[in-house]
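Work through the exercises below with the sequence and the 3D structure at hand. Each task is followed by a solution in steps.

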Amino acid sequence: MHFMVQSKTCRPSAFAPSGLHVAIIMDGSGRWAERRGWPRLAGHRAGVEAVRRVVRAAPEAGIGTLTLFAFSAANWSRPAGEATALMDIFTSYLRADFHEDRACGIRVNVIGRRDRLPNALVETIERAESATAGCRRMRLRLAIDYSAREALAEAVIRCGSIDGLSSADLARTLAEVVHDRAPVPDLDLLIRTGGEQRLSDCLLWEGAFAEIIFTERLWPDFSALDLTAALDEFHRRERRFGGLNSAVAS
């Protein structure tokens, strides 16, 4: 996958994302493989192709920030072999798709803990983030070893000495906790694939007023058309942020 607007490494610059902030809980890859009689790992590998399809389509669809929930802190409870294989998949994906001379246009950031990740993955994350630091077409955030509740708890602990703690203080500290490299807007839309209807500890702070769409589509089958359909549904909704709808307010 290529995101070249010029064939050189992007220069670091301030990035104020425009467009929607959309997050996707990429669920159902294991079940997709099991239904075909294949090992679960085959589903996770197929899921990488879905990531590529969605990342390619997202900027043209009006998405300025795309957050993909790849591996939650709770996923360490899975069999060790599956967790290790997922770490290898993440490393291979970042190496193949975000090399410094091929990644201009999409700024990459991995959010979550890093102290439990393999060294090879951490090094690959740091290279990808550095290589794309000045890219401005879209912000891509991959959540790996991420827990919204754990991050919030750690942020509150770090903010404990701040007098008159504000929401902005907490938001800044929360970004530091999860290694978020630049400010991002609050979440507009959360999509969960795979048919389950729960948040699974995803972006609880940023998603306070997000619209939520659940789809039965398993992640490896998710396409650009599915993304467009979800965005069409989002744009049909009236976001009130705790207020009244326009008809009642008038």
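**Exercise 1. Place A155 in the structure and state whether A155 is buried or exposed.**

Step 1. A155 is part of helix α5, which covers residues 148-158. Helices (H or I, at least four residues) and strands (E, at least two) are DSSP runs, numbered from the N terminus.

Step 2. The relative accessibility of A155 is 0%, so A155 counts as buried. Buried means under 20% relative accessible area, exposed over 50%, and partly exposed in between, with a 1.4 Å probe and protein chains only.

Step 3. A155 and D169 are 14 residues apart along the chain, and their C-alpha atoms are separated by 9.4 Å.

A note on the model: it is predicted, so local features need pLDDT of at least 70 and side-chain atom pairs count only at pLDDT 80 or more, while totals for chains, interfaces and linings use all residues. Residues are numbered from 1 along each chain as its sequence is written, and side-chain values use heavy atoms, with hydrogens and water left out.

**Exercise 2. Describe the whole protein: how many helices and strands does it have, and in what pattern?**

Step 1. The protein contains eight helices and six strands.

Step 2. Along the sequence, these elements follow the pattern β-α-α-β-α-β-α-β-α-α-β-β-α-α.

Step 3. Of the 250 residues in the protein, 48% are buried.

**Exercise 3. Find the salt bridges and say which parts of the chain they tie together.**

Step 1. The whole structure holds 21 salt bridges. A salt bridge is a side-chain nitrogen of Lys or Arg within 4 Å of a carboxyl oxygen of Asp or Glu.

Step 2. One of them joins D27 and R192, with the closest N and O atoms 3.0 Å apart. D27 is in the loop between β1 (20-25) and α1, and R192 is in strand β5 (residues 189-192), so the pair ties together parts that are 165 residues apart in sequence. Both D27 and R192 are buried.

Step 3. R52 and D97 also form a salt bridge, at 2.8 Å from N to O. R52 belongs to helix α2 and D97 to helix α3, so this pair ties together parts that are 45 residues apart in sequence. Both R52 and D97 are buried.

Step 4. In the salt bridge of R217 with D226, the closest N and O atoms are 3.0 Å apart. R217 counts as partly exposed because its relative accessibility is 39%, whereas D226, at 14%, counts as buried.

Step 5. E34, R40, R78 and E82 are joined into one network by salt bridges that share partners.

**Exercise 4. Describe the largest pocket: what is its volume, and which residues are closest to its centre?**

Step 1. The largest pocket has about 710 Å³ of space. On a 1 Å grid over the protein atoms alone, a pocket is an open set of points where a 1.4 Å probe fits, with protein on both sides within 12 Å along at least five of seven lines; lining residues have an atom within 4 Å of a point. Grid points are joined across faces, edges and corners, and a volume is the space filled by probe spheres set on the points.

Step 2. The largest pocket is lined by 34 residues, and M26, F69, A70, N75 and R78 are the closest to its centre.

Step 3. Two or more lining residues come from each of α1 (29-34), α2 (40-57), β2 (63-72), α3 (80-97) and β4 (138-146).

**Exercise 5. Which residues are closest to the centre of the second largest pocket?**

Step 1. The volume of the second largest pocket is about 220 Å³.

Step 2. Its lining has 13 residues, and those closest to the centre are A171, A175, D180, P183 and V184.

**Exercise 6. Compare the places of D145 and H179, given their phi angles.**

Step 1. D145 is not a glycine, yet it has a positive phi of about 50 degrees. D145 is in strand β4, and at 1% relative accessibility D145 counts as buried.

Step 2. H179, also a residue other than glycine, has a positive phi near 65 degrees. H179 is in the loop between α6 (167-177) and β5, and at 30% relative accessibility H179 counts as partly exposed.
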